[in-house]
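Open the model in your viewer and keep the selection box handy. We will go from one selection to the next and say what turns up at each stop.

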Amino acid sequence: MRSGVKHCIIIGAMKAGTTNLYTSLAKHPNICRARLKEPEFFSPYQSWRPYDSYESLWEVDPNIHLVTLEASTGYTKANSRETPRRMYEYGIRPYLIYILRNPFDRIESHFNFSARSLSIEFDSDIVDEELISPSDYMTHIDRYLEYFPRDRLLILDFAQLNHAKVEVMDSVFDFLGWAEPWPPPYTPRC
């Protein structure tokens, strides 16, 4: 991968707008989206690896791309304790985006999605650890800050993403280190 290409990872939270943000960012011609939106490369939830290396998740054109992008919400789920260490030991120093949502609304959305779309039955309804853990935002943030500096973590708000998208996208581009107009007048090249 080209020297200077930044890795940007949307680490969650599940049911907090990660797909919305990923889809919006992937429209930028200098951002190369992953072959899989959620490769879960560093996650304990990924039992198979369709690619040999993290870098092989993208087809980077060194003359165009400045950023690679993925959105793996498993990086902030119940069993994701070792994910930041795995990233660090692999050798990447990503720009991390974490979208937070009102915990009760996020849990309810997660519960409804899992029950309806995945036919999952939880042990004790809405208080199941798999539902609650992704909303334990500070615990996940602290784990990432053990390995990565604070200036590599952007925290966004779900409500702002839905109601002030232009401002949110401006903050993401600023975080990545360049000023871009929003909405983008372009289509993806990757």
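Start with the whole chain as a cartoon: its secondary structure comes to seven helices and five strands. Keep in mind that this is a predicted model. Walking along the sequence, you pass through the pattern β-α-β-β-α-β-α-α-α-β-α-α. The chain has 190 residues, and 47% of them count as buried. If you draw a contact map, look away from the diagonal: among contacts between residues at least 6 apart in sequence, 76% join residues at least 24 apart.

**Stop 1: strand 3 and its partners**

Select residues 67–71, which make up strand 3. Five of the five residues there are buried, so strand 3 is largely enclosed by the rest of the structure. Turn on the side chains and you will see Val67, Leu69 and Ala71 pointing one way, with Thr68 and Glu70 pointing the other way.

Now add strand 1, residues 6–12; five bridges join strand 1 to strand 3, and the two run parallel. To find the register, look for Cys8, which stands opposite Leu69. Next add strand 2, residues 31–33, which is joined to strand 3 by three bridges, also in parallel. Here the pair to pick out is Ile31 with its bridge partner Val67.

Stay on Val67 for a moment. With a relative accessibility of 1%, Val67 counts as buried, because the cut-off for that class is under 20%. Which residues are in contact with Val67, leaving aside neighbours within four places in sequence? Select Val5, Lys6, Cys8, Asn30, Ile31, Cys32, Leu176 and Trp178 to show them. One distance to draw is from Val67 to Cys8: these residues are 59 apart in sequence, yet their C-alpha atoms are 6.6 Å apart in space.

**Stop 2: strand 4**

Move to residues 95–100, strand 4. Six of the six residues are buried, so this strand too is largely enclosed by the rest of the structure. Both faces are covered, with Tyr95, Ile97 and Ile99 on one side and Leu96, Tyr98 and Leu100 on the other.

Strand 4 has partners to show as well. Four bridges join strand 1 to strand 4 in parallel, and Ile10 has Ile97 as its bridge partner. Strand 5, residues 153–157, pairs with strand 4 in the parallel sense over five bridges; there you can find Tyr98 opposite Ile155.

**Stop 3: the loop after strand 1, and helix 1**

Zoom in on the loop between strand 1 and helix 1, where Ala13 lies. The peptide bond from Gly12 to Ala13 is cis, with omega near 5°. Lys15 sits in the loop between strand 1 and helix 1 too, and its phi is near 60°, a positive value in a residue other than glycine. Is Lys15 buried, exposed or partly exposed? At 28% relative accessibility, Lys15 counts as partly exposed.

Carry on to helix 1, residues 18–25, and colour its buried residues: Thr18, Leu21, Tyr22, Ser24 and Leu25. Look down the axis of helix 1 and these buried residues fall within an arc of 165°, so they line one face of the helix.

**Stop 4: the second largest pocket**

Switch on a surface and select Met14, Lys15, Ala16, Gly17, Thr18, Thr19, Lys37, Glu38, Glu40, Thr73, Lys77 and Phe113, the lining of the second largest pocket. Its volume is about 160 Å³. By class, the lining divides into three nonpolar, four polar and five charged residues.

Pick Glu40 out of that lining. Glu40 is found in the loop between strand 2 and strand 3, and has a positive phi of about 50° although it is not a glycine. At 9% relative accessibility, Glu40 counts as buried.

**Stop 5: Pro84**

Finish at Pro84, placed in helix 2, residues 83–90. Pro84 has 1% relative accessibility and so counts as buried. Show Arg143, Tyr144, Tyr147 and Phe148, which Pro84 touches when residues up to four places away in sequence are not counted. For a last distance, draw Pro84 to Tyr147: 63 residues apart in sequence, and 6.6 Å apart from C-alpha to C-alpha.

Methods. Residues numbered from 1 in each chain as written. Predicted model: local features only at pLDDT ≥ 70, side-chain atom pairs only at ≥ 80, totals over all residues. Heavy atoms only, no water. Buried < 20%, exposed > 50% of the residue type's maximum accessible area, 1.4 Å probe, protein only. Arc of directions from axis to C-beta. 1 Å grid on protein atoms, 1.4 Å probe; cavity = no way out; pocket = protein on both sides within 12 Å on 5 of 7 lines; lining within 4 Å. Points joined across faces, edges and corners; volume = space filled by probe spheres on them. Nonpolar A, V, L, I, M, F, W, Y, C, P; charged D, E, K, R; others polar. Pairing = 2+ DSSP bridges. Contact = heavy atoms within 4.5 Å.
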